[in-house]
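These are my notebook entries on a structure that I had not examined before. I record what I looked up, entry by entry.

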Amino acid sequence: MKIFVYGQRPFDEAYYFEKYTQELGIEYNYTTRPFSKEIIDLATGYDAISISTTPVDKECLDRFKELGVKIISTRSIGYDHIDIEYAKSIGIKVTNVSYNSECVAEFTMMLLLMTLRKCKSIMNGASANDYTLQGLSGELLCTKTVGIIGTGKIGRTVLRYLKGFGCKVYAYSFHPDPTLGVEYLPLDELFTKCDVITLHTALTADTHHIINKEAIDKMPDGAVIINTARGGLIDTDALIDALESGKIGACGFDAIEDEGEYIWNDRKQTVLKNRRFAILRNMPNVLITPHIAFYTQETVSDMVRNSLLSCVLEEREEKNPWRIV
């Protein structure tokens, strides 16, 4: 089998691509450049491609079809950057990957604790040798009622951690799991009852802007929002209004709407076009990390291996746990 890899990172992914292509008997080539229309023809003669989170629209899919590409594997859990329905309609298979849920769950807890304890302001002050206490008193996590939206592998791991902190926890999911020992609530009731909302659901047409003005209006004053899933789950304009009014007390985000311009790149000398990101980044009660919650050595290994293995399973017409369409 021949696979072409777009956006292979030399400092972490390269070792695992060499290791697993040899183990799986795959012939592969790569570019370190992220996928774009300008380099799409590099996939000529390959059965499958492996990409990261760069967009793949109808035009790209048509071209891949012409080039003979049969499988697109994204090295991510999320796949909203690919036009899934169109890929299905033209017979291109799409797969994603899975990895240990603890990585994002642990990062979620870190963001939540740092947000409640005002760590952004503490660290910014300390970097300027300001060690005063005024304005830096935080809040205890154990006193909070937390609402989890999405109880898949990551959401249920966060649930386990939150119970360990002694929090009251409620959940909302399109697919409730009665074995988890958590009370599921309708979404409106969840918003009303919870001091903290943490997002762990996929971005789909049904979940786009699941946090919007109407949802925020139902939340208690000073509510905290944590998002380590997808930026499009939140209506950013409504969120900014709520932060400015004080309705929302604080946020911890590893994903921001329209984040593609800045994540995983050095932008020190760049004027960012995402004004909403610039506004959020400069708020003292908003902590933003660059979509890095997944990023551990174990996860990189899993992402590379599972991306390659999913393509092999498709070629063999064997059961594939990562098949999307």
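Entry 1, charges over rings. I looked up Lys2 and found its charged end over the ring of Tyr46, 5.0 Å from the ring centre. I note at once that the model is a predicted one. Tyr46 also belongs to an aromatic cluster, together with Phe4, Tyr6, Phe35 and Phe64. I then turned to Arg9, whose charged end sits over the ring of Trp264 at 6.0 Å from its centre.

Entry 2, Trp264. I located Trp264 in the loop that runs between strand E11 (248-253) and helix H10 (275-281). Its phi is positive, about 65°, although Trp264 is not a glycine. I asked myself whether Trp264 is buried, partly exposed or exposed. With a relative accessible area of 39%, Trp264 is partly exposed, because the buried class ends at 20% and the exposed class begins over 50%.

Entry 3, His291. I found a positive phi at His291 as well, about 50°, and this residue is not a glycine either. His291 lies in the loop between strand E12 (286-288) and helix H11 (297-316). Its relative accessibility is 11%, so I entered His291 as buried.

Entry 4, aromatic pairs. I read off 12 aromatic pairs in the structure. One of them joins Tyr15 and Tyr16 edge-to-face, with 5.0 Å from centre to centre and 80° between the planes. Which of the two counts as buried, and which as exposed? Tyr15 has 54% relative accessibility and therefore counts as exposed, whereas Tyr16, at 16%, counts as buried.

Entry 5, the nonpolar cores. I looked up the largest nonpolar core and found 35 residues in it. Ile149, Ile211 and Ile248 are the residues with the most contacts inside this core. The elements that give it two or more residues include strand E7 (168-172), helix H7 (187-193), strand E9 (196-199) and helix H8 (213-218). Strand E10 (223-227), helix H9 (236-245), E11 and H10 are also among them. H9 supplies the largest share, five residues. Apart from this core lies another, of 32 residues, among them Met114, Leu141, Cys167 and Val196.

Entry 6, Ile149. Which residues does Ile149 contact, leaving aside its neighbours within four places in sequence? I listed Tyr172, Leu187, Leu190, Phe191, Ile197, Thr198 and Leu199 among them. The list also includes His200, Thr201, Ile210 and Ile211. Ile211 had already appeared in my previous entry, as one of the residues with the most contacts inside the largest core.

Notes: Residues numbered from 1 in each chain as written. Predicted model: local features only at pLDDT ≥ 70, side-chain atom pairs only at ≥ 80, totals over all residues. Heavy atoms only, no water. Helix = DSSP H or I, 4+ residues; strand = E, 2+ residues; numbered from the N terminus. Buried < 20%, exposed > 50% of the residue type's maximum accessible area, 1.4 Å probe, protein only. Core = buried A, V, L, I, M, F, W, Y, C linked by side-chain atoms within 4.5 Å. Contact = heavy atoms within 4.5 Å. Phe/Tyr/Trp six-rings, centres within 6.5 Å; stacked < 30°, edge-to-face > 60°. Lys NZ or Arg CZ within 6 Å of the ring centre and 35° of its normal.
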